[in-house]
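Biologist: Could you take a close look at the aromatic rings in this one and walk me through how they pair up? I'm new to this, so please go step by step.

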Amino acid sequence: MILKLAIINLMRNKKRSFFVIASIIVGITGGLFGISLATGYVNQLVSSVIRYETADVLIHENHFFDYMEPSAYILNSDQLIKNIVSEKGIKAATARIKINGFIRSALTTANVEIIGVDPKKELLVFPINEAIPAGKGNYFADFTRTPIVIGSILADQLGANINSRLVISGQTINGDFFSSAFWVCGIYSIDNKHFEKKSVFIPIDELAILSGLKVDEVHEIAISLEKNYQSSDQIVSELESAYPNLKISSWSEIRPEIEVTKSYINLTQNILITIILFAISLGIINIMLLVVYERKKEFGMLRALGMNKVRIFQMILSEIIILLLLALFISTLINYSVLSFFDQHGVPVWTVEDVNTLGLGTVERIYPVLRWQQFSFVTGLIVVISFLSSIIPTLRILKIRPTEAMKN
Amino acid sequence: MNIIEIINLEKHYSEAELLIKAVNKVSFSVKKGEFIVIVGPSGSGKTTLLNLIGGLDSPTSGEIFVDGLAIHKMKQDQLTDFRLFNIGFVFQAYNLIPVLTAKENIELIMKLQGISQKECNKRTAALLEVIGLSERADSKPSKLSGGQQQRVAVARSIASGPKFILADEPTANLDSHSAEALLDTMQKLNQNEGTTFIFSTHDPRIMKRAKRIIKLEDGKIIDDITYN
């Protein structure tokens, strides 16, 4: 009877029921879409940084980060890599030489980080070959003259294309300068635009000769893990114990700004949700006040006839629960459809140069990600807030005596 | 046998620092099967008295016993349950639930009492027959005339098997034909089923049918006449 009355009452004013449902749907959908965009953005940033820039864990000479001097190199890298790869949880490792320098074309000069790589081993850790689009060359797979792979932003800046001649300059381990010509073999393009702009790859043997390093002397060993990036802290502590004379860093230590960005986005997300919840609760309190006060006389009459407060409360509660369930069902369908669509097509975003200069990297499209916990949290919170918002007017109406209500 | 005992009942209101004695030292008793009409000018305290007897309002002082139970001592929640099982109400403005049909309105109290659907159907059909609205069972109140709505309200008040029915100016909004039809129904129920009715009214048609008339003025009983 109570349930039937509740359903009939909801049908009494269809427009109002629709607006209550719509406001809850908008709240849930908006909140979840915002959260999924933020999560997707952070995931892409982290994934891009790990995939092409830092791997999961990096090893350097203890003082490498003091001045990034070419002389701060690791000895016996071949043996070290063999030992590291035998550790549990490590998928692959690659040695790199890294020197800050310049690159010059006929048009202009730019600051770059020159990375000397062993292409075969490198690809086990950094799949940069996958970031070279068709028609933009290859990753040291096919070349005739001393090759270099550069990012597309840098290529545009230098006015370079495949087979363009570029000259790189840098400092040797003795403090002298070197300079040598290279020919563009591949142009890569990734989400991490900051990295794309400043990082160039050349064969490690070439850079070793230019910088004065021997074959197994390198600046960096990049490690990729078998598990996801969240387990990197555990590997870092294990490697720190095993190699106390080396600097072992996880991706988040190398790029702390990503963690800061994550925290900032989480904070923004929480503020957004709070505002949405506040707006929804105000709307619902307002509508429910109207609903119950409009029927004040009816509630008074029902109480006069013998319907107790608990039953009246149950009746109003049933109306709210029906509205909430309907809103939840529809918003779940909408969210599923919207997120499925954007999961495939991505949400196009503007590349903001200011963000780029912070070194965070930017993305051209965000692929929203929604975790089950986030969905449960937001919908649960909105349901609870809506429920609590409805209770206030209900409790107020229940305090009124039947005779007073019927006078209305 | 008395089903209602009212002893020295008082209800006072304060309005702009003025004490209003809406009901003033009222005492009387009601026997089962009576057809009582409380009359008096506007503001004489008729509705207040009915509200007190019905447990809708609490007295300032005095005692009300229904079947020996002191309802003036009951708390609001106890009174609500008491009303559900013991008192039927008929209001001036019908007060049917607009979204329910005539049949559903009659069933409402029975369902609150926990009576089975089968029993509800049986009683409702019988009551619709008594009030002459069997064919309008599935009509919503908005599709019924004032008289028909009030007859449904009477059926609703009887359906729960109350000890007595309080009817506050039940014919006030009805035309003479509907009022007569309604009173016929109520009188029939009183005579055939022994249902006790207490009316408050100005309507001479009800007074004409009354077995007892209690006259109120300024909250006091000034006359209590029983007819044979």
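Modeller: Sure! Counting over all chains, this predicted model holds 14 aromatic pairs. Take Trp372(A) and Phe375(A): their ring centres sit 5.6 Å apart, with 25 degrees between the planes. Planes under 30 degrees apart count as stacked, so this pair gets that label.

Where do Trp372(A) and Phe375(A) lie? Both belong to helix α15 of chain A, which covers residues 372-399. They're three residues apart, and that's about one turn of the helix. Now look at how much of each one is covered. Trp372(A) has 63% relative accessibility, so it counts as exposed, because the cut-off for exposed is over 50%. Phe375(A) comes in at 16%, and since buried means under 20%, Phe375(A) counts as buried.

Hop over to chain B for another stacked pair, Phe197(B) and Phe199(B). Here the ring centres are 5.7 Å apart and the planes meet at 20 degrees, so the stacked label fits again. Both Phe197(B) and Phe199(B) are buried.

Rings can also link up into a cluster. Back in chain A, ring pairs join Tyr139(A), Phe140(A), Tyr188(A), Phe195(A) and Phe201(A) that way.

One last stop, this time on the surface. Leu326(A), Phe329(A), Ile330(A), Leu333(A) and Ile334(A) make a nonpolar patch of about 430 Å². Ile334(A) is part of helix α13 in chain A, residues 309-345. With a relative accessible area of 32%, Ile334(A) is partly exposed, because that value falls between the buried and exposed cut-offs of 20% and 50%.

Conventions. Residues are numbered from 1 along each chain as its sequence is written. Chains are lettered from A and ligands numbered from 1 in the order in which they are written. This is a predicted model: local features need pLDDT of at least 70, side-chain atom pairs count only at pLDDT 80 or more; totals for chains, interfaces and linings use all residues. Side-chain values use heavy atoms; hydrogens and water are left out. Patches are made of residues with over 30% relative accessible area and no salt bridge: like charges are joined within 9 Å, nonpolar side chains (Val, Leu, Ile, Met, Phe, Trp, Tyr) within 5 Å. Accessible areas come from the Shrake-Rupley method with a 1.4 Å probe; for residues, only the protein chains shown count as cover. A salt bridge is a side-chain nitrogen of Lys or Arg within 4 Å of a carboxyl oxygen of Asp or Glu. Helices (H or I, at least four residues) and strands (E, at least two) are DSSP runs, numbered from the N terminus. Buried means under 20% relative accessible area, exposed over 50%, partly exposed in between (1.4 Å probe, protein chains only). Rings of Phe, Tyr and Trp (its six-membered ring) pair if their centres lie within 6.5 Å; planes under 30 degrees apart count as stacked, over 60 as edge-to-face and the rest as tilted.
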